[in-house]
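Here is a small set of exercises to work through with the model open in your viewer. Try each task before you read the steps under it.

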Amino acid sequence: MADIEQKMQKTVEALKDSFNTIRTGRASASIFDKVRVDYYGTKSPLNQVATIAIPEARSVIVTPFDKSLITEIEKAIQASDLGLNPSNDGKVIRIQIPALTADRRKELVKQAKTVAENSRTSIRNLRRDGNDALKKQQKGGEITEDELKTETDKLQKLTDKYIEEINKIYDAKEKDILAN
């Protein structure tokens, strides 16, 4: 049970991480978490080759640790699916976060919904695996039928708890995306 709950918690954490990379109308350093920069032949996360500063609500400044990487960083940001246009002045890269269009908001909500549904499916798969393990224990004589029923009910309550948590996280992200 503890192992399954730990896996369910990791699923929720992965959902939160995924939601951090879905951009809203405001600037956030976490939207660049999946951006990888070619750093001398190795794809490195942007935050390991540059600092990301948020001076205003809709602007980002990326300062590379190594100035020779500035064009690589610019290319990586353009190649990402964030829909951002960076401009570089030779020292730093400035990015203006445009306001989201209604269509783009709908797209992002749909993307968030898909990510949330995948997380719910993972939770349900963990429940199924747990139920299968309990049934094997009962067949093997390790637990009684009453214990099986009790443990199955506990597992269902745990599943419901994490599904509800995923729903709350999704609802908050949807509000964030749809907010002006």
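**Exercise 1. Decide whether tyrosine 40 is buried or exposed, and check its backbone.**

Step 1: Tyrosine 40 has a relative accessible area of 61%, so it is exposed. The cut-offs here are under 20% for buried, over 50% for exposed and partly exposed in between, with a 1.4 Å probe and protein chains only.

Step 2: A word on the input: this is a predicted model, where local features need pLDDT of at least 70 and side-chain atom pairs count only at pLDDT 80 or more, while totals for chains, interfaces and linings use all residues. Residues are numbered from 1 along each chain as its sequence is written, and side-chain values use heavy atoms, leaving out hydrogens and water.

Step 3: Now find the residue in the fold: tyrosine 40 sits in the loop between β1 and β2. Helices (H or I, at least four residues) and strands (E, at least two) are DSSP runs, numbered from the N terminus.

Step 4: Most residues other than glycine have a negative phi. Tyrosine 40 goes the other way, with a positive phi near 50°.

Step 5: The turn belongs to a hairpin of β1 and β2, with two residues between the strands. β1 (36-39) pairs with β2 (residues 42-45) in the antiparallel sense over four bridges, and pairing takes at least two bridges found by DSSP. Within this pair, valine 37 has serine 44 of β2 as its bridge partner.

**Exercise 2. Work out the strand order of the open four-stranded sheet and say which strands stand at its edges.**

Step 1: Reading across the sheet gives β3-β4-β6-β5, with antiparallel pairing.

Step 2: β3 (50-56) and β5 (86-88) are the edge strands; each has a single partner, so one side of each has no neighbour in the sheet.

Step 3: From one strand to the next, the twist averages 25°.

Step 4: For the β4/β6 pair, four bridges join residues 59-64 to residues 93-96. One of the partners to look up is isoleucine 93 in β6, which is bridged to valine 62.

**Exercise 3. Find which helix packs on that sheet and which residues it buries.**

Step 1: Helix α3 (residues 70-79) touches β3, β4, β5 and β6, and its direction makes about 170° with that of β5. Contact means heavy atoms within 4.5 Å; axes are lines fitted to C-alpha atoms, for helices over the stretch in contact, and angles run from 0 to 180 degrees between N-to-C directions.

Step 2: Ile70, Ile73, Glu74, Ala76 and Ile77 are the buried residues of α3. Their arc around the axis is only 160°, which puts them on the same side of α3. That arc is taken over the directions from the helix axis to the C-beta atoms.

Step 3: Flip to the face turned away from the buried side and you'll see the exposed residues Lys75 and Ala79.

Step 4: Besides β3, β4, β5 and β6, the buried residues of α3 pack against β1 and α2 (46-49).

**Exercise 4. Check the length of α1, then work out how α1 lies against α5.**

Step 1: The 19 residues of α1 should span 27 Å at 1.5 Å a residue, and its end C-alpha atoms are 27 Å apart, which agrees. The expected span is 1.5 Å times one less than the number of residues.

Step 2: In α1, the buried set is Ile4, Met8, Thr11, Val12, Leu15 and Phe19. They cover an arc of only 95°, so they lie on the same side of α1.

Step 3: Ala2 and Lys10 are exposed on the face turned away from that side. The cover over the buried residues includes α4 (102-139) and α5.

Step 4: The axes of α1 and α5 come within 11 Å and cross at roughly 10°. That makes the two helices roughly parallel, the term for angles under 35 degrees.

**Exercise 5. Which residues does threonine 11 touch, leaving out those up to four places away in sequence?**

Step 1: Threonine 11 is found in helix α1 (residues 2-20), and its 14% relative accessibility counts as buried.

Step 2: Its contacts are Ser119, Ser122, Ile123 and Leu126.

Step 3: Now go from the other end: serine 119, in helix α4, is buried at 7%. With the same sequence cut-off of four places, serine 119 touches Thr11, Leu15 and Ile166.

Conventions: Parallel < 35°, antiparallel > 145°, perpendicular 65-115°, else oblique.
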